[in-house]
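Subject: Handover of a structure, with notes on charge

Dear colleague,

I am passing a structure on to you, and below it you will find what turned up when its overall build and its charged side chains were examined. Please read the notes with the structure open beside them.

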Amino acid sequence: MSDLVILESPSKAKTVQKYLGNKYKVVACVGHIRDLPKSKLGVDTENDFAPVYENKKDKAALIKELKGYVKKSDTVYLATDPDREGEAISWHLAAVLGLDGSQPIRVTFSEITKSGVKVGMENPRSLDNDLINAQQARRILDRIVGYKLSPFLWKKVRRGLSAGRVQSVVVKLIVDREKEIKAFVAKEYWGIDGKVTAQSSKKPFPIKLAEIDGKKAELNNKEETDKVLKYLEDKEFKVDSIKRSTRKKQPAPPFTTSTLQQEANRRLGFNSRRTMKTAQELYEGIELEEQGAVGLITYMRTDSLRISDEAKTAAADLIKATYGQEYLPEKPRTYKTKNNAQDAHEAIRPSTIDLTPQKVKSSLTSDQYKLYKLIWERFIASQMANAQLNTMAVTIMAGNCAFKANGYTVKFDGFTKLYTETSDSEEEGGGALPKLTEGETLNLEEIAGNQHFTQPPPRYNEASLIKAMEENGIGRPSTYAVTISTILDRHYVEFDQKQLKPTPLGDTITDVLKDHFTNIVDVKFTAKMEDDLDKIEEGKEEWVEVLRDFYSDFSKTLDQAEKDMDGKRVKVPDEPTDQVCELCGKPMVIKIGPYGKFLGCSGFPDCKNTKRIVSETGGLCPKCGGKMLAKKSKKGKPFFGCENYKDCNYMTWDTPIPDVCPKCGKTLFKKSGKNGKIYCANEECDYERGLEEKG
């Protein structure tokens, strides 16, 4: 039989099989085939934290099949993902299948292309014990915290709760931000803004009061502002100084896992889970017309900004051919990776530069196309020349009051011809100012005082939370999406207009952990644990020693917390509503159960009335005309159903949209995915259009 290659994903196996040909048999193990047991701790804390691994029951048939392949093969290669988790999966495979990990059986692919697979297969190595131990240490740490701390919360707060080493700190970030917002006291301040025209142009441009008597203008109320406005009534506005300069603007570096999740959230509205799922698909391979399966991007779990010389050369050739020599920098750009970053992989970039988004669009789903376009454009722009701006800063005097005006024009668009990061702010003052000369008198067209109030810090959205996690060293790029999904699924936090806020349950758990398990919710402690795991990976720390240091303090803290809360139980406050129970007349409150939030009577246990929480979509049922409601299945999957569900059984996974059908006037629905469309669900109407088309 041919040589055997085992990796995780069936879709990646299909792509790799195409490149390797019939000499190899490529199969997928679909993730871990063994793990710590679900029913017990599975870690011997008294014997150097020896883990007890069990074959996963749902993988029994697959393990038997893999063993059969191994027996028939001359050589077996383990080609799981090129990171800690992938190394651990290969280690478990070797253990279960009877392979010798000290032999060169491990191969990795940084990109799923013909050249990437060829390079990987030509450089087999033994299993990396440091990577394996780092993953083992993380898994055991998380197991100890989860299995020791969760029962404590069951006894002291509510059954079914869980705590996690990383998730608890992230919830605390959100809880602390909410407390800052509630404690914030807004302060009033005023500004004076005007518009003036120059002799050379009738088009007014804006000016802003900056200084009074050479000091920063600070106006605290309307009276102070009116006094300055009164003073300015008979004053001439003259150009005092003009400062002209040229400013260079550099492109953003190519994406890391963190910045990809942030930008996809800001620009595309993708949550982190959606971004990583789509990026995984692009990495593993897409069926392209006339080419077959091709991996479109490099490995998407990375915090490195390194780019290969081959990729830089290919990008330069494309830029020169598409935009011209002037859009190339004097020398290829190199970006410095952060000191604490792992440099095992390149930054996220297109695997084949010549595969432009437009060339592959017909083979991609809507999500795949949007994300690939984002990655491709960001990478190409990162290798382009600087943009150059002609800036103009003007000081205008009116008596002892100094006003400022700023403007700019684009001298050379450079990389901005292709891509500008969404967080890039516009230059203050906007576009060009008219031709001005020092000493010139300007015509005042309008001036007014404007009241402002200081603003509290904003709630986190997914992008800003990921940025905070990265800056504070909480978790690692591969864990951001999972962590955010976990705290949402467990109802510790929730979205409020795309911003994250804690639920009463999240508040309660955070307060309990903060009072009794300070280290578990301490940002610096969690960051240190991540550093220790990195040191294990680098071979600088022994994984058992790291676990021993952690567990020594943790076990003492847990014992003390049990004593401190002996006989005590913390109640999670219910959220009040304006709805009244139709059975007993008492107020209904929002409660959280295994399947999420629901309405329950505040008179429980005397009154056990409950209701689902539903929200109207604005659409109408195509069968009976009732309101379409947003609902969730028992597994938490969103769907849409008619309010008259007892008499009308209409339901759909597709989303009702505000537009109405131009043919029959009924509600339109949006179907997502590769064959996505906008369509009318009325059985007597055949209207439909593509997602990109306008109605």
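A residue is called buried when its relative accessible area is under 20%, exposed when that area is over 50%, and partly exposed in between. Asp130, with a relative accessible area of 32%, therefore counts as partly exposed. Please keep in mind throughout that this is a predicted model.

Asp130 belongs to helix H5, which covers residues 129-156, and on the surface Asp130 gathers with Glu541, Glu542, Asp549 and Asp553 in a patch of negative charge. Membership of such a patch requires over 30% relative accessible area and no salt bridge, and the 32% of Asp130 is therefore enough on the first count.

As for the chain as a whole, its secondary structure comes to 17 helices and 30 strands, and its C-alpha atoms fill a box of roughly 95 × 75 × 70 Å along the principal axes. Of its 695 residues, 50% are buried, while the surface that the chain exposes is about 35,900 Å², with carbon and sulfur atoms supplying 48% of it. Among contacts with a separation of 6 or more, 66% are between residues 24 or more positions apart.

The chain carries 112 positive and 103 negative side chains, and the centres of these two sets lie 3 Å apart. Side chains of opposite charge can pair when their charged atoms come close, and the structure holds 52 salt bridges.

Three of these pairs may be worth a look. Helix H5 appears again in the first, where Asp142 in that helix is linked to Arg165 in the loop between H5 and helix H6 (167-183), 23 residues apart; the N to O distance of this salt bridge is 2.8 Å. Asp142 is partly exposed at 29% relative accessibility, whereas Arg165, at 4%, is buried.

In the second pair, Lys277 and Glu281 both lie in helix H9 (residues 272-284), four residues apart, or about one turn of the helix, and their closest N and O atoms are 2.8 Å apart. Lys277 is exposed at 54%, and Glu281 is partly exposed at 25%.

The third pair joins Glu421 and Arg378 at 3.5 Å, N to O. Because Glu421 lies in the loop between strands S15 (401-412) and S16 (441-453) and Arg378 in helix H12 (residues 366-382), the pair ties together parts that are 43 residues apart in sequence. Both Glu421 and Arg378 are buried.

Finally, Glu178, Arg459, Glu494, Asp496, Lys501, Glu575 and Lys597 are linked in a network of salt bridges.

With best wishes

Note on methods:
Residues numbered from 1 in each chain as written. Predicted model: local features only at pLDDT ≥ 70, side-chain atom pairs only at ≥ 80, totals over all residues. Heavy atoms only, no water. Patch = residues over 30% accessible without salt bridge, like charges linked within 9 Å, V, L, I, M, F, W, Y side chains within 5 Å. Areas by Shrake-Rupley, 256 points an atom, 1.4 Å probe, with all protein chains shown as cover. Salt bridge = Lys/Arg side-chain N within 4 Å of Asp/Glu carboxyl O. Lys, Arg positive; Asp, Glu negative; His and termini not counted. Charge placed at Lys NZ, Arg CZ, Asp CG, Glu CD. Helix = DSSP H or I, 4+ residues; strand = E, 2+ residues; numbered from the N terminus. Buried < 20%, exposed > 50% of the residue type's maximum accessible area, 1.4 Å probe, protein only. Contact = heavy atoms within 4.5 Å.
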